[in-house]
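Hello,

Here is the structure for your files. My notes come after it.

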Amino acid sequence: MRGVDLHYTDQGAGYPVLFIHGHPFDRTMWEPQVRALAGRGYRTIVPDLRGYGHSTVVPGTTHLDSFARDLAGLLDHLGVDTAGVVGLSMGGQIALELCRLFPDRVDSLALVATNPHAETEQGRARRSATAEHLRSQGMRGYADSHLVGMMTAANVRSMPRVADHVRTMMYTAPPEGAAAALLGRARRPDYVPLLRCISAPTLLVVGQEDRFTPPDFTEAMHVRVPDSVVEIIEGAGHLPNLERPERFNEVLRRFLESSRARSRRT
């Protein structure tokens, strides 16, 4: 599809839900959610984005619209017209790009730890420098320095298996793919004006201790997105779906059940 091979899993039957992972992770970050939903009235579609996991690595710069068009192509391939879309961090920005390009395909939307703003000049310079570092030095140093931040320090200590999973995803991310995504995100558009145009029911989730996308970002989105609810997950940082999976799954399942019921009525 579109010159790339996307590795994905497609499990369960029922209301389709497309999960979009963040940087620098892969589709396995959604394993707790797949276990909770697949086969229980939901069809979980979980791809590795281009440049990540087992999908094709494309050198250069990968803009968010390329990710979004890849995912629309995957839905076409699977015969799915509309889906619930769940995205975390970069995945949330890609979900917003899907809303911009293909609004009729987004039946419901869950944005987790998502920053809708365009990158600052300082941020663009930082992402460019990080991309060059990943290309020359690989992922290990980046992963070691970002583990605390992706998760809270307390959770890294108290949840060693989860911390090992997060670290492994970062260690094994293809440096060229991760760098290409960083360069694309550095040039991302400002999605704030789009927020008022989102017609899909929207769940906004953030970890209470998220250093990268603090709860203030999420509360500000809630003011703008017409049909939205906010859930702040206590005891979680940037990865609430892994740090507090039971609570996250409860929140997501309740939201999706409402969306699924709404789809049945229309």
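Below are the overall figures, followed by the aromatic pairs.

This is a predicted model, in which local features need pLDDT of at least 70, side-chain atom pairs count only at pLDDT 80 or more, and totals for chains, interfaces and linings use all residues. Residues are numbered from 1 along each chain as its sequence is written, and side-chain values use heavy atoms, with hydrogens and water left out.

The protein has twelve helices and seven strands, taken as DSSP runs (H or I, at least four residues; E, at least two) and numbered from the N terminus. Its radius of gyration is 17 Å, which agrees with the value near 18 Å for a compact globule of 266 residues; the radius is taken over C-alpha atoms, and the rule is 2.2 Å times the number of residues to the power 0.38. Of the 266 residues, 56% count as buried (under 20% relative accessible area, 1.4 Å probe, protein chains only).

There are two aromatic pairs, that is, rings of Phe, Tyr or Trp (its six-membered ring) with centres within 6.5 Å; planes under 30 degrees apart count as stacked, over 60 as edge-to-face and the rest as tilted. Tyr 15 and Tyr 42 are edge-to-face, because their planes stand at 90°, with ring centres 6.2 Å apart. This pair links strand E2 (residues 15-20) to strand E3 (residues 42-47), 27 residues apart. Tyr 15 is buried at 8% relative accessible area, and Tyr 42 is buried at 2%.

The pair of Phe 19 and Trp 30 is tilted, at 5.0 Å centre to centre and 45° between the planes. Phe 19 and Trp 30 are both buried.

Regards

Notes. Buried means under 20% relative accessible area, exposed over 50%, partly exposed in between (1.4 Å probe, protein chains only).
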